[in-house]
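Here is a friendly walk through a two-chain model, written for someone who likes to have the coordinates open alongside. Pull up the structure and follow along.

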Amino acid sequence: MTAVKAFGTVKNIFSYYKLPLYIMVRPFDGFYEMKYLQQGTLKVSFLNLILVLVSYAINDQYASLIVNPQNPLTLNSFSNWVMIITALVLFCVSNWSVTSLMDGEGKLKDIFMAMTYAMTPLVLTIVPATILSNFLSQDEAGFYYMLMSVGVAYFVFLVFCGLVVVHNYGAGKAVFAILLTFVALLIIVFLITLLLTLWQQLFVFGFSIYTELMFR
Amino acid sequence: MFKKITAFLLILLLAASPVAVLADTPFQGYTYNFWGTLVPSPAAYVPIRSFGLHNICPELGDMADPTDLHVDAENNIYVVDWGNDRIVIFDMDLNLIRVIDGYYRYGEWVENGLRRPHGIFVTDDMEIFIADEHNNRVVVLNVIDGDVHFVREILAPDIEGLEDDFVFSPLHVLVDRGGRVFVIVRHVFEGIMSFSDEGEFLGYFGTIEVSFNWIDMAWRFLMTEAQIEFDNAILPREFQSMDIDQYGFIFTTHIENWHLNNQVMRLNPRGEDVLVNFNDNVVINGDQGYRPTGPMSGPSVLIDVIARSHGKYSALDSTRGRVYTYDSEGNLLYVFGGMGSLEGMTRMPRAIEMIGDDMLLLDSLGRGRIIHYAPTEYGRLINRAIAMRYGGHERYAVEYWRQLVTLDENFALAWSGIGRSLLAAGDNVGAMEYLRQGMDVRYFSIAFRRNRLDVMQGTLPNVFTAGMLLVVLFVGGKIYYRVKFGKREEEEA
């Protein structure tokens, strides 16, 4: 019920959720409204993100054996969530750091909102595909994979549109920015690993001094 | 409460009792589950004895680097004693039958006729084919009245494309039912050399495809010309060993440089690989996981393969001394054997061969010996169940699968076996349950489809009837209203 409280009434959720649905049909107008007409809200962003996470967990748990041969011993929705959120945050941050050097107009909030608003196709396809999978045999599993990949492809397309609108780029520049984003992403991951290793070295150094002092 | 305590004590007693077969086995059996993770299992085969040539006859002495083992149609055992230039033939009770180190050629005795023989094959007509490595030929011998006679020999083929310094060193030899002779030759990468029964070169058979490797390509890109010249050419791998099954298909092994490729091939008479593996996550190359460094590390190197009854085949790993047995669907049935100096373990395994349902393993280290493995109750049940399944008698196999489940609950094949038999019996729901346990996705899908049809046939008539009723009620109601209030509508109009 907290979700409902945050939006006021149940009716309000639907009125808030109109924009993500509108973005699916008219991506450029929708993202324009989201950013420049201040129609987008972080509430809807997080609602969309949570819906994706939940549908991902539902898919992991309930998709049929034929399309989802999960080992129940290693099934862990939480670690999947951590991975999705990490990827999302990393992408947003690296995109922001690249585009702020490339005259991009989007703020970090705008990028995050564009990413999450673009997730609507995932919300709309994953759960139905999961339900559908329980009625399909191996020969018909193609329908499941088709539905899933349509969702993902549409998500990628919307992300692209969103970034174009949010940064006020042309298509070519947006592609270039996305490529650079992946480079920046790798650099960030590398720096994090480096930092962790250094911290660990430092810790070991401090710990050995401590033990030396203890044994004196 | 008291019951629980007694049960616990009983379990303790049972665990401590010395009857357990596994405790005496020097190795742990295992297999891989659907996801490619290791699942321990009881030992399917246990070593029951090991013997050297001195156990057969003290005058024979020891083996010196023996290379091959063969069992002929009369269950005689042939050991190729490479270093001593001889073939020793004996039977299962360790009675010496014959030692081949020379032969009569056109009536003349040839002393020391073999020089470093490496491989052997005996046809059903008792013709002995020997890959005579240092004599650079394949020699065919025949035994008449206890004397060994020379029949013919296959020499190096005179063909284009071979290097000038090419030496014909045959390592393994095999003859199919049509009399074609297949020879694995050292440093011949084009495939197995095949000859007609007159010794005429027919062509290469079963070439191994070179797998493309991004990392190697990247390295080559960075290398200088001189380095590339120094580096090994990217060549197909050499065949390690081969065996022929009852249908005339040839099983081969080779070393793979890519861990997702099978090391075993099953070549049809045209030389195409037709090996079947329905598992997505288990490759037919021995161990799926291994230590990267240290003793007994690295991927499995399958140096010998034998075709067994009912579509089964076993391959020998020289890195860890284990024998992997697969069924005709590519399922890993059981693994046994291992490296070590305990009795029944190997240190330099070279070859395996089946004699009946038992397995002989040739260990070439030191004096050389042969280890005799016999199936346990567990292994025998698997063999029988697979035999039944292979013959299409799932109904009779289920009895063995059920026993196997009581012996080893983690054995997924047994669960899917029960599921398949239920499917054959028409119990789709039960089959789905068991097939899910056994992670047999293919058959689960079949059971699911049949069950779906049943459910639909059961419910759809009712759904349609209900739908029809609703439509009739709706239309009837409309007509009723129109009849009752029709006049008023007309008046209004």
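Strand 26 (residues 358–363) and strand 27 (residues 369–375) of chain B run antiparallel and are joined by five bridges. If you would like a landmark for this pairing, look for Leu362(B), which sits opposite Ile370(B) in strand 27 of chain B. Please keep in mind throughout that this is a predicted model.

These two strands belong to an open sheet of four strands in chain B, with the order 3-27-26-25 and antiparallel pairing. Its edges are strand 3 (45–51) and strand 25 (349–355) of chain B, each of which pairs on one side only. From one strand to the next, the twist averages 25°.

Chain B holds another open sheet of four strands, and here the order is 4-5-6-7, again with antiparallel pairing. Strand 4 (68–71) and strand 7 (96–100) of chain B are the edge strands, each pairing on one side only. The twist in this sheet averages 15° from one strand to the next. Within the sheet, strand 6 (residues 86–90) of chain B pairs with strand 7 of chain B in the antiparallel sense, over four bridges. Ile87(B) has Ile100(B), in strand 7 of chain B, as its bridge partner.

**A covered strand in chain B**

Next, have a look at strand 19 (residues 250–254) of chain B. How many of its five residues are buried? Five of the five are, so the strand counts as mostly covered, with a residue called buried if 20 or more other C-beta atoms lie within 10 Å of its own. Both of its faces are covered: Ile250(B), Thr252(B) and His254(B) lie on one side, while Phe251(B) and Thr253(B) lie on the other.

Strand 19 of chain B also has pairing partners to inspect. Strand 18 (residues 239–244) of chain B is joined to strand 19 of chain B by five bridges, and the two run antiparallel. In this pairing, Met242(B) stands opposite Thr252(B) of strand 19 of chain B. Strands 18 and 19 of chain B form a hairpin with five residues between the strands, and in that hairpin Gly248(B) takes a positive phi near 85°. Strand 19 of chain B pairs as well with strand 20 (residues 264–267) of chain B, antiparallel and over four bridges. There, Ile250(B) has Leu267(B) in strand 20 of chain B as its bridge partner.

**Helices packing in chain A**

Chain A is built from ten helices and zero strands. One pair of helices is worth a visit: helix 6 (residues 77–99) and helix 10 (residues 171–215) of chain A pack at an angle of about 115°, and their axes are 8 Å apart. The crossing of helix 6 of chain A past helix 10 of chain A is right-handed. On the side of helix 6 of chain A, the contact residues include Leu90(A), Phe91(A), Val93(A) and Val98(A), and helix 10 of chain A contributes residues including Ala177(A), Leu180(A), Leu185(A) and Ile188(A). By type, the residues of this contact divide into nine nonpolar, five polar and no charged.

**The chains as wholes**

Which values describe each chain overall? The table puts them side by side.

| Property | Chain A | Chain B |
|---|---|---|
| Helices and strands | ten helices, zero strands | nine helices, 27 strands |
| Radius of gyration | 21 Å | 31 Å |
| Radius of a compact globule | near 17 Å for 216 residues | near 23 Å for 493 residues |
| C-alpha extent along principal axes | roughly 70 × 50 × 40 Å | about 125 × 70 × 55 Å |
| Buried residues | 30% of 216 residues | 38% of 493 residues |
| Contacts joining residues at least 24 apart, among those at least 6 apart in sequence | 73% of contacts | 45% of contacts |

For chain A, the radius of gyration is 21 Å, where a compact globule of 216 residues would have one near 17 Å. For chain B, the value is 31 Å, where a compact globule of 493 residues would have one near 23 Å.

**Where the chains meet**

Finally, the two chains touch: six residues of chain A are in contact with ten residues of chain B. On the side of chain A that touches chain B, the residues divide into three nonpolar, three polar and no charged.

Technical notes. Residues numbered from 1 in each chain as written. Chains lettered and ligands numbered in written order. Predicted model: local features only at pLDDT ≥ 70, side-chain atom pairs only at ≥ 80, totals over all residues. Rg over C-alpha atoms; globule rule 2.2 N^0.38 Å. Buried ≥ 20, exposed ≤ 12 C-beta atoms within 10 Å, placed from the backbone. Contact = placed C-beta atoms within 7 Å. Pairing = 2+ DSSP bridges. Axes fitted to C-alpha atoms, helices over the stretch in contact; angles between N-to-C directions. Left-handed = near helix turned anticlockwise from the far one by under 90°. Nonpolar A, V, L, I, M, F, W, Y, C, P; charged D, E, K, R; others polar.
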